[in-house]
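Work through the exercises below with the sequence and the structure at hand. Each task is followed by a solution in steps.

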Amino acid sequence: MAKKVKTIGVLTSGGDAPGMNAAIRAVVRTAIHEGLKVKGIMRGYAGLLQEEIVDMDSTSVSDIIHRGGTILYTARCQEFTTPEGQELGAEICRKHGIDGIVVIGGDGSYRGAGKLSALGINTVGVPGTIDLDIACTDYTIGFDTAVNTAMEAIDKVRDTSTSHERCSIIEVMGRRAGYIALWCGFANGAEEILLPERYDGDEQAIINRIIENRKRGKKHNIIINAEGIGHSASMARRIEAATGIETRATILGHMQRGGSPTCKDRVYASIMGAKAALLLAEGKSNRVVAYRNGQYVDLDIQEALNMTKDIPEDQYEISKMLIR
Ligand code: ADP
Ligand code: F6P
């Protein structure tokens, strides 16, 4: 029989992502609607182990839906990856009367949630990462805002790149995944899109295409390089030396993680946060909320973590086809 849940906690973990606040707001207000008490756990699992736990009510989440970052702060916590850390986390939950937790984060955070669940604390994960690299879901909170931020920044680099008739290498985030790079490659009409999942390291082929483009009269040459490949500065030096064309590297960095969330991120995060709180209210545990094939669904955490995903091959092929 499902355990009766009276109080739930909510935390954000791993890298922050725009829209996390909308998810927190939805968790809190849905839980209150369901007659549950809510506690905010500050700084992810690190704050749990430090007992940084605060009571939350409807007004604790007022005026945050449009704000980037996370009002609960976030952290990465090595101690929580150990069995002792997890036991301590579960014990602290029991001490504070927390029967269930919504964990908003990436798949590292889901692993932690799975461990808490095995220790008797009901857990539900919500996908929060700009990288879109969680296999079980077609959408992650923050990706939409991050690609829009990156797209606007790349448009600006393109202006100056054209004026100076330069080649620009622009490095976007994504950890080991190339989703942000692929989307910006499309949206910015890049001449090259380098994805960790596909790049064969053939820099000479890139150099040949840059020389060919210049002969055809192209004023700029935008190369979107994914963080998972990296080395943008040294790549720029080699390309400049080989082509004779001035080349600059720009690493967009953490600006991609900030800013006011897009409408899509606010809406999807709200729905996912609410679904997570409802699952806990029903006594469910060890689940993650996901968006798959146009539907919001929930899956077993371990099943979700065992899934893999890759850049869709047809999208990659089309991205190359559009480069002329
Ligand atoms: P993300 O959630 O964005 O993937 P991380 O991989 O950095 O980010 O994970 C966030 C946190 O989740 C880690 O700092 C750690 O506290 C916890 N975590 C990660 N992996 C595990 C694990 N195998 N067991 C328990 N906790 C984990
Ligand atoms: O997972 C989000 C992300 O921004 C990745 O794209 C990037 O690799 C990483 O986090 C950067 O982490 P940090 O904020 O610790 O530098």
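A polar contact is a pair of N or O atoms within 3.5 Å. The model used here is predicted.

**Exercise 1.** Find which residues surround ligand 2, and list the distances from its oxygen atoms to side chains of R257, H254 and R175.

*Solution.*
Step 1. The surroundings of ligand 2 consist of R76, T129, I130, D131, M173, G174, R175, E227, H254 and R257.
Step 2. For R257, a polar side-chain atom lies 2.7 Å from an oxygen atom of ligand 2.
Step 3. For H254, an N or O atom in the side chain is 2.9 Å from an oxygen atom of the ligand.
Step 4. For R175, the distance from a polar side-chain atom to an oxygen atom of ligand 2 is 3.2 Å.
Step 5. The cut-off for a polar contact is 3.5 Å, so the pairs with R257, H254 and R175 count as polar contacts.

**Exercise 2.** Name the residues that come nearest to ligand 1, and state whether R76 uses a side-chain or a backbone atom.

*Solution.*
Step 1. Ligand 1 has 16 residues around it, and R76, C77, G106, G108 and S109 come nearest.
Step 2. R76 uses a polar side-chain atom, 2.9 Å from an oxygen atom of ligand 1.
Step 3. G106 places a polar backbone atom 2.9 Å from an oxygen atom of the ligand.
Step 4. G108 also offers a polar backbone atom, at 3.0 Å from an oxygen atom of ligand 1.

**Exercise 3.** Describe how helix α5 packs against helix α6.

*Solution.*
Step 1. Two packed helices are described by the angle between their axes and the distance between the axes.
Step 2. Helix α5 spans residues 143-163 and helix α6 spans residues 179-187; their angle is about 50° and their axes are 10 Å apart.
Step 3. The two helices are therefore oblique to each other.
Step 4. The crossing of α5 past α6 is right-handed.
Step 5. On α5 the contact is made by F143, V147, A150, M151 and I154, and on α6 by Y179, I180, W183, C184 and A187.
Step 6. By class, this contact has 10 nonpolar, no polar and no charged residues.

**Exercise 4.** Do the same for helix α1 and helix α9.

*Solution.*
Step 1. The axes of α1 (residues 20-33) and α9 (residues 263-281) come within 7 Å, crossing at roughly 35°.
Step 2. This crossing is right-handed.
Step 3. From α1, A22, A23, A26, V27, T30 and A31 take part; they meet R266, A269, S270, G273, A274, A277 and L278 of α9.
Step 4. The contact divides into 9 nonpolar, 3 polar and 1 charged residues.

Conventions:
Residues are numbered from 1 along each chain as its sequence is written. Chains are lettered from A and ligands numbered from 1 in the order in which they are written. This is a predicted model: local features need pLDDT of at least 70, side-chain atom pairs count only at pLDDT 80 or more; totals for chains, interfaces and linings use all residues. Side-chain values use heavy atoms; hydrogens and water are left out. Axes are lines fitted to C-alpha atoms, for helices over the stretch in contact, and angles run from 0 to 180 degrees between N-to-C directions. Helices (H or I, at least four residues) and strands (E, at least two) are DSSP runs, numbered from the N terminus. Angles under 35 degrees count as roughly parallel, over 145 as roughly antiparallel, 65 to 115 as roughly perpendicular and the rest as oblique. A crossing is left-handed if the near helix is turned anticlockwise from the far one by less than a right angle, and right-handed if clockwise. Contact means heavy atoms within 4.5 Å. Ala, Val, Leu, Ile, Met, Phe, Trp, Tyr, Cys and Pro count as nonpolar, Asp, Glu, Lys and Arg as charged, and the others, Gly among them, as polar. A residue is near a molecule or strand if one of its heavy atoms lies within 4 Å of it. A polar contact is a pair of N or O atoms within 3.5 Å; within protein, one must be able to donate a hydrogen and the other to accept it, and residues adjacent in sequence count only if both atoms are side-chain atoms.
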